[in-house]
Amino acid sequence: MFLNIKPFDSLTSVWDFTLNTGKNNVWCLYPNKNAALKSVEDVFGQEPSPYLECTDTKTNEDGTLNFILIDGTWNNSVSIFSRLKDHATSVWGDADFPCISLATGVSAMHKLRPQPSWDRTCTAGAAIGLLSELQLLPEFSSFGFDKQAEALEDTLVILLEALTTRRVRDGQVHHS
């Protein structure tokens with residue numbers, strides 16, 4: 001089992017990836033407000049899980065689960081997702097692009113990059129959330145997604161500390 005999480009910042013790269021992977025082999029981590037929200041558990045937590053079968057249409061032939069994370073400002077991501085749905089409709093006749101949403105809650109990454117609301121997170125925070133939620137499912141618990149999420153989070157903490165140190169050094173942080 002392989003996990004392929006790809007951040008995208010343009011419609012062309014998302015669309016090319018989707019066409020090469022196949023609509024039924026990829027999920028967009030995106031809160032599609034026009035469709036019933038499906039969580040990681042809704043999609044992958046059903047017993048028995050067909051997603052662990054390499055021959056299932058939900059994975060590539062090598063058993064890879066593919067996730068798209070749209071990287072950019074909130075307005076930019078809304079635009080990319082809207083155009084992605086338009087492409088899906090013109091090619092497949094179906095605008096319901098397969099999406100999943102993370103469980104709601106405040107992201108630890110708000111310290112690194114504040115978001116417009118507490119239920120939104122940066123792309124790296126979304127990747128951590130996805131790995132963490134997959135790890136909670138019994139059928140994925142042996143894949144070590146928790147270790148990957150922890151490594152990514154540790155890396156981001158180091159980045160946050162480095163950025164904070166630089167801002168303090170450059171006098172950009174004011175103490176009250």
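Me: How much area does the protein chain expose, and what share of it do carbon and sulfur atoms supply?
Reply: Happy to start there, with the reminder that this is a predicted model. The protein chain exposes about 10200 Å². The share of that area supplied by carbon and sulfur atoms is 52%.

Me: In what order do the helices and strands of the protein chain run from the N terminus on?
Reply: The protein chain has five helices and four strands. From the N terminus on, these elements are arranged as β-α-β-α-β-α-β-α-α.

Me: What percentage of the contacts in the protein chain with a separation of 6 or more comes from residues 24 or more positions apart?
Reply: The chain has 176 residues, and 36% of them are buried. Among contacts with a separation of 6 or more, the portion that joins residues 24 or more positions apart is 73%.

Me: Which element gives the most residues to the largest nonpolar core?
Reply: This core has 20 residues, and F44, F67, I100 and L134 touch the most other members. Two or more residues each come from strand 2 (26–29), helix 2 (40–44), strand 3 (64–70), helix 4 (123–136) and helix 5. With six residues, the element that gives the most is helix 4.

Me: How many residues make up the other core, which lies apart from the largest one?
Reply: In soluble globular proteins, nonpolar side chains tend to be buried together. Here a separate core includes V14, W15, F17 and Y30. Its residue count is 16.

Me: How far apart are the end C-alpha atoms of helix 5, and what span should its residues give?
Reply: Helix 5 covers residues 145–169, which is 25 residues. At 1.5 Å a residue, the helix should span 36 Å. The end C-alpha atoms agree with this, because their separation is also 36 Å.

Me: Which residue just after helix 5 takes a positive phi?
Reply: Within helix 5, F145, A149 and L156 are buried. Just after the helix, a phi of about 75° is found at G171.

Me: Is Q148 buried, partly exposed or exposed?
Reply: Q148 sits in helix 5. Its relative accessibility is 42%. Buried means under 20% and exposed means over 50%, so Q148 counts as partly exposed.

Me: Which residues does Q148 touch, leaving out those up to four places away in sequence?
Reply: One useful distance here is to Q135, which is 13 residues from Q148 in sequence and 9.9 Å away in space, C-alpha to C-alpha. With residues up to four places away in sequence set aside, Q148 touches L131 and F143.

Notes
Residues are numbered from 1 along each chain as its sequence is written. This is a predicted model: local features need pLDDT of at least 70, side-chain atom pairs count only at pLDDT 80 or more; totals for chains, interfaces and linings use all residues. Side-chain values use heavy atoms; hydrogens and water are left out. The expected span of a helix is 1.5 Å times one less than its number of residues. Buried means under 20% relative accessible area, exposed over 50%, partly exposed in between (1.4 Å probe, protein chains only). Contact means heavy atoms within 4.5 Å. A nonpolar core is a set of buried Ala, Val, Leu, Ile, Met, Phe, Trp, Tyr and Cys residues joined through side-chain atoms within 4.5 Å. Accessible areas come from the Shrake-Rupley method with a 1.4 Å probe; for residues, only the protein chains shown count as cover.
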